[in-house]
Protein chains: 2
Amino acid sequence: MNKEVRVFAPATVANVAVGFDILGFAIDGPGDEVVARLAEGSGVRITSISGDGGKLPLKAEKNTAGFAAIRLLEQLGKSGLGVELEIHKKMPFGSGLGSSAASAAAGVMAINALLDMPVPKMESLHCAVLGEQIADGAYHADNVAPSLLGGIIFIRANEGLDVHSLPIPDELHAAVVYPHVSILTKDARDVLSPTTTLPQCIQQTGNLGGLVVGLYESDYELIGRSLQDVIIEPQRAQLIPGFSTVKSAALEAGALGCSISGAGPSVFALCKGREVAQTAGAAMQQAFLTQDIPCDLFVSPINKEGAKILA
Amino acid sequence: MNKEVRVFAPATVANVAVGFDILGFAIDGPGDEVVARLAEGSGVRITSISGDGGKLPLKAEKNTAGFAAIRLLEQLGKSGLGVELEIHKKMPFGSGLGSSAASAAAGVMAINALLDMPVPKMESLHCAVLGEQIADGAYHADNVAPSLLGGIIFIRANEGLDVHSLPIPDELHAAVVYPHVSILTKDARDVLSPTTTLPQCIQQTGNLGGLVVGLYESDYELIGRSLQDVIIEPQRAQLIPGFSTVKSAALEAGALGCSISGAGPSVFALCKGREVAQTAGAAMQQAFLTQDIPCDLFVSPINKEGAKILA
């Protein structure tokens, strides 16, 4: 058992155009840090939170990282342990980059690391998903699983966490642009029709399957053809100023595909090679800037490591 | 160039529970034979059709095999060639086992073989799909592609024939039962709602992805969990007498999954190992027989060869 650990969990792109609620990947970019240390008494206490502008609850049971940490201690039969957590939010809220998921993933990773990793990360996933659920209301792993495990994660079903790591073609890179506009998750949900047409569903299913085959075969062109969201993106695009211009800019710069990261407003592109990702990312950024929308750009390969111990 | 060839194209199971219009596999079982021979004059003539009860048109342009053959000759710049076709239907119509697709696949295979295979099978696929289209009205390859190419075929999009062979786990076997009841393709289409709910679509997408991952990873349990059709099967089951009993019999006998083959009435099960497939097939057959419905059982590994030259 360690006296103190510091862990990091990265930002993630969920949905990935064709896997609404069932697909996500981690990026090298911003993320959250959690410090856990052994303390007197029992139970989890959050001693400080930085970077949240005072928005997040200090009460551990109400906090995604705290809740996830408490659940993992329970699972490990260690509820009697006294643990203090410091949470350092180092990524924006409401960006569509899985901020609350990163906190939840960092929460379980901190406990697991403090105890010298008594369980594989996968066995802590359920607790991390429960942690995000208190922020988000839904039990889904499309951000939490890649933030914790790294890589490109496909979730056959969220119930029961039927979760699978997909192969990552060597040259696959992501460009992610976070425009500084706000979208309420509620609005992003409310804009979605509860139904879809059968042909759209078939097309989406074909594209999800095509993406999976493309990843297994390192077939970049197939990946590109498959990154077409015919259901969610057409409904949510209106929430992101100039989305179609941004997307066109990415595709013209050679991106394989471009869509909304999670519920937005961030936009991601997948590309073959870092150079294309840089170019496509710069083009997307420029498209937002010409509308006077400041934005951040992150270019990275797929992050394979997920949550990690910093010290 | 040969003077005469005899080719065979196998029966197929389309949809495969979770890939409506985009997934199919070939079985070792019944199929269609086409004999092609060089003849005087030019153009394709059908000299005889056996096994069709007089139902199929002898006029080549109206016949699936004939139409497909004509289109391939055109594509090869050989329309001036005189070719006679004999068609031997050796599988039932309206069984849900891709009867017209087998004819169309055999039609192109016969021409390709007659000319010593000037093009890979994949390059003749478009003509075969056009052949089936005149029987079926729709341009889709979920039966034609596996009948021609063999294996388990995933179609990202029928338009443009974005077609991919999926890996076949060594022990994967199919049990297919054809009950002697008739379903009109029109009824099988009409019973389908033009819309689906978003959660159903997500679930189906997850299951299609799970099946693809399961095939790549030879993960039989994942294949089993993924073979759950939440959209089409619940609507079509009513057209097959005692479907739920038949399905339960297959699953109780150890099948990984069980659903409707194509538009029915045939029912298929996928199983790990020939023995389980035999047992599950016999159980399904028994379930039909107890309703006084005679039926045929075919048990086989996935047919990897597809259309082939017999002589």
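In the predicted model, E84(A) and R45(A) form a salt bridge in which the closest N and O atoms are 3.8 Å apart. The pair connects distant parts of the chain, since E84(A) belongs to strand 4 (residues 82-89) of chain A and R45(A) to strand 3 (residues 43-50) of chain A, with 39 residues separating them. Side chains of opposite charge can pair when their charged atoms come close. Over all chains, the structure holds 26 salt bridges. Some of these fall at the contacts between domains and between chains, which are described next.

Chain A is assigned two domains. Domain 1 covers residues 4-166 together with 304-309, and domain 2 covers residues 172-301. The domain assignment thus gives domain 1 in two segments of chain A. The C-alpha centres of domain 1 and domain 2 of chain A are 24 Å apart. In their contact, domain 1 of chain A takes part with 27 residues and domain 2 of chain A with 31 residues.

The size of an interface is often given as the accessible area lost when the parts come together. For domain 1 and domain 2 of chain A, the area buried between them is about 2100 Å², and 69% of it lies on carbon and sulfur atoms. On the domain 1 side, the residues losing the most area to domain 2 of chain A are A17(A), V18(A) and F20(A), which together account for 28% of what that side buries.

Polar and charged pairs also occur between the two domains. There is 1 salt bridge between domain 1 and domain 2 of chain A. A salt bridge joins the side chains of R189(A) and D21(A), at 3.5 Å from N to O. R189(A) falls within the 172-301 range of domain 2, and D21(A) within the 4-166 segment of domain 1. Across this interface, 6 residue pairs are in polar contact, with both residues at pLDDT 80 or more. Strand 1 (4-14), strand 2 (23-38) and strand 5 (152-157) of chain A are the elements that give two or more residues to the side of domain 1 that touches domain 2. Strand 2 of chain A provides the largest share of that side, 6 residues. By class, the residues of domain 1 of chain A that touch domain 2 of chain A comprise 18 nonpolar, 7 polar and 2 charged.

The relation between the two chains was examined next. Chain A superposes on chain B by a rotation of 180 degrees with 0.0 Å of shift along the axis, at an RMSD of 0.0 Å. This is therefore the relation of a two-fold axis. Both copies use the same surface, as 100% of the contact residues of chain A recur in chain B.

In the contact between the chains, 36 residues of chain A meet 36 residues of chain B. About 2700 Å² is buried between chain A and chain B, 70% of it on carbon and sulfur atoms. Within chain A, R156(A), L198(A) and Y216(A) lose the most area to chain B, and together they make up 24% of what that side buries.

Between chain A and chain B the count is 2 salt bridges. In a salt bridge between D162(A) and R225(B), the closest N and O atoms are 2.6 Å apart. The interface of the two chains also has 11 residue pairs in polar contact, both residues being at pLDDT 80 or more. At least two residues each of the side of chain A that touches chain B come from strand 5, strand 6 (162-166), strand 8 (195-197), helix 6 (198-217) and helix 7 (220-226) of chain A. Helix 6 of chain A contributes the most, with 15 residues. The side of chain A that touches chain B is made up of 18 nonpolar, 13 polar and 5 charged residues.

Backbone geometry was considered last. Most residues other than glycine have a negative phi, and most peptide bonds are trans. In chain A, the peptide bond from G264(A) to P265(A) is cis, with omega near 5 degrees. P265(A) is placed in the loop between strand 9 (257-260) and strand 10 (267-272) of chain A. In chain B, G264(B) and P265(B) are likewise joined by a cis peptide bond, with omega about 5 degrees. P265(B) sits in the loop between strand 9 (257-260) and strand 10 (267-272) of chain B. S218(A), a residue other than glycine, has a positive phi near 50 degrees. The loop between helix 6 and helix 7 of chain A holds S218(A).

Technical notes:
Residues are numbered from 1 along each chain as its sequence is written. Chains are lettered from A and ligands numbered from 1 in the order in which they are written. Side-chain values use heavy atoms; hydrogens and water are left out. Domain bounds come from an automatic or database domain assignment. Contact means heavy atoms within 4.5 Å. Buried area is the accessible area (1.4 Å probe) that two parts lose on being put together, summed over both. A salt bridge is a side-chain nitrogen of Lys or Arg within 4 Å of a carboxyl oxygen of Asp or Glu. A polar contact is a pair of N or O atoms within 3.5 Å; within protein, one must be able to donate a hydrogen and the other to accept it, and residues adjacent in sequence count only if both atoms are side-chain atoms. Helices (H or I, at least four residues) and strands (E, at least two) are DSSP runs, numbered from the N terminus. Ala, Val, Leu, Ile, Met, Phe, Trp, Tyr, Cys and Pro count as nonpolar, Asp, Glu, Lys and Arg as charged, and the others, Gly among them, as polar. Copies are superposed by least squares on the C-alpha atoms of residues with pLDDT of at least 70 in both.
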